[in-house]
Every structure is written in C-alpha cells, then in structure tokens.
Amino acid sequence: MTDYDSLERQLAALLDTRDWLTNAAQTSAFLMQALDDLNWVGFYLQRQPETLILGPFQGLPACNPIPFSKGVCGAAARSRQTQRVDDVHAVPDHIACDAASRSELVVPIVVGEELWGVLDIDSPLPARFSREDQAGIERLCRVFGAASDLASAPAV
C-alpha cells in the first residue's frame, strides 16, 4: 500500500516555488518516480474553450488536443469529477495515445469556479488504481494547487 501521507509531505517540500509550470513539471516527475506501475503522468490544461491542451508530462509523446467530448480526460474535464477506469479498452471513446495503457486515473483541477486542467495518470496494469490511490492522488493534486499560482497560468 502506498504511503500517501509521506508522499504528500515530500511533494509539499519539493514544490518550493509558486510558478505553476515548474510545479507541474516537478509534480509529473515526482509521481512517475514515486508510484509503481505507471507509464504516463502529466497535465492537460484548459487553454481553449471545451479543449484540453498538453502540459508538462512524463512518458511517451501524448495526444493533443483533447476535446471535452472525448475520452477519460474529457469526461473528467466535463464533469469536474475524478475518473478512475479499470479497463480503458472498455471505454468506447477512449483516446489511446499509448497502446500499453490499460487503466487510468484523471483528477480535475479547479480554481475557484473554473477548470484549470486535469492530472492524467496511466498504467499498463488493469485496475491499477484503487479508491485509496484515488483519494491519495486527489490529495497530492490539492498540494500542487495550493503550492502553485494557478491563476497566473494562461487562461481560456
């Protein structure tokens, strides 16, 4: 079981600037190294209406742009609710950037009333993400948001 309390303290210490871009890059790299069995971790940012644009990430080159109407990231952006998918191949409109991905967790990041973007995490293992992982990663997203000046990021 992952020690999310420890990861929360480590991430908070790592994010020593208010710069959202630096913190997004650091958060992506930290999660890729700290969590087992991942093949992609990164941010998609809302920089156009109803569209997510690729931000800092770790992993293979990624799909860009992603409309809110498509895929797991689009569902998280649309609903502003975390999406935890045990089998991405069972999602009819899944966007397959990496054929090795089997499960996915996408956490929306909301600032005030506006969607800032999403944190997308993929795994080559089916059902990689538990409820505990979801809760822990949502906490880590709150650490990222609290440490970062997300309001200064280019807006829609």
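## Aromatic pairs

Six aromatic pairs are found in this structure, which is a predicted model. One of them brings Trp40 and Tyr44 together as a stacked pair, with 5.8 Å centre to centre and 25° between the planes. Trp40 and Tyr44 are both buried. Another pair, Phe43 with Trp116, is edge-to-face: here the centres are 6.0 Å apart and the planes make 80°. Because Phe43 belongs to strand 1 and Trp116 to strand 6, this pair ties together parts that lie 73 residues apart in sequence. Like the partners in the stacked pair, Phe43 and Trp116 are both buried.

If you want to follow the rings further, look at the cluster that ring pairs build from Trp20, Phe43, Trp116 and Phe144. Trp20 also has a charged neighbour: Arg47 lies over the face of its ring, 5.5 Å from the ring centre.

## The sheet

Now to the strands. They form an open sheet of six, in the order 3-2-1-6-5-4, with antiparallel pairing. Which strands sit at the edges? They are strand 3 and strand 4 (83–85), each of which pairs on one side only. As general background, strands of a sheet pair through backbone hydrogen bonds, either parallel or antiparallel.

Strand 1 and strand 2 (residues 51–59) share seven bridges in the antiparallel sense. Together they make a hairpin with two residues between them, and Glu50 in that turn has a positive phi of about 55°. Within this pairing, Gln46 stands opposite Leu52 of strand 2. Leu52 also stands opposite Ile66 in strand 3, while Thr51 stands opposite Pro67 in strand 3. Strand 2 and strand 3 (residues 66–67) are antiparallel too, with two bridges, and the hairpin that joins them runs through six residues.

## Helices against the sheet

Two helices are worth tracing over these strands. Helix 3 (residues 71–79) lies across strand 1, strand 2, strand 3, strand 4, strand 5 and strand 6, and runs at about 30° to strand 5. Helix 4 packs on the sheet as well, touching strand 1, strand 4, strand 5 and strand 6, and its direction makes about 35° with that of strand 5.

## The nonpolar cores

The largest nonpolar core holds 29 residues, and those that touch the most other members are Leu31, Phe43, Trp116, Leu119, Ile121, Ile137 and Phe144. Two or more residues each come from helix 1 (4–14), helix 2 (20–34), strand 1 (40–48), strand 5 (103–111), strand 6 (114–123) and helix 4 (131–147). Which element gives the most? That is helix 4, with six residues. Some names return here from the ring cluster, which includes Phe43, Trp116 and Phe144.

Leu119 is a handy residue to centre your viewer on. Leaving aside residues up to four places away in sequence, Leu119 touches Leu31, Val41, Gly42, Phe43, Leu105, Val106, Val107, Ile109, Ile137 and Cys141. Apart from the largest core lies another one, made of 14 residues, including Ala76, Ala77, Val88 and Val118.

Methods. Residues are numbered from 1 along each chain as its sequence is written. This is a predicted model: local features need pLDDT of at least 70, side-chain atom pairs count only at pLDDT 80 or more; totals for chains, interfaces and linings use all residues. Side-chain values use heavy atoms; hydrogens and water are left out. A nonpolar core is a set of buried Ala, Val, Leu, Ile, Met, Phe, Trp, Tyr and Cys residues joined through side-chain atoms within 4.5 Å. Buried means under 20% relative accessible area, exposed over 50%, partly exposed in between (1.4 Å probe, protein chains only). Helices (H or I, at least four residues) and strands (E, at least two) are DSSP runs, numbered from the N terminus. Contact means heavy atoms within 4.5 Å. Two strands pair if DSSP finds at least two bridges between them. Axes are lines fitted to C-alpha atoms, for helices over the stretch in contact, and angles run from 0 to 180 degrees between N-to-C directions. Rings of Phe, Tyr and Trp (its six-membered ring) pair if their centres lie within 6.5 Å; planes under 30 degrees apart count as stacked, over 60 as edge-to-face and the rest as tilted. A charge sits over a ring if NZ of Lys or CZ of Arg is within 6 Å of the ring centre and within 35 degrees of the ring normal.
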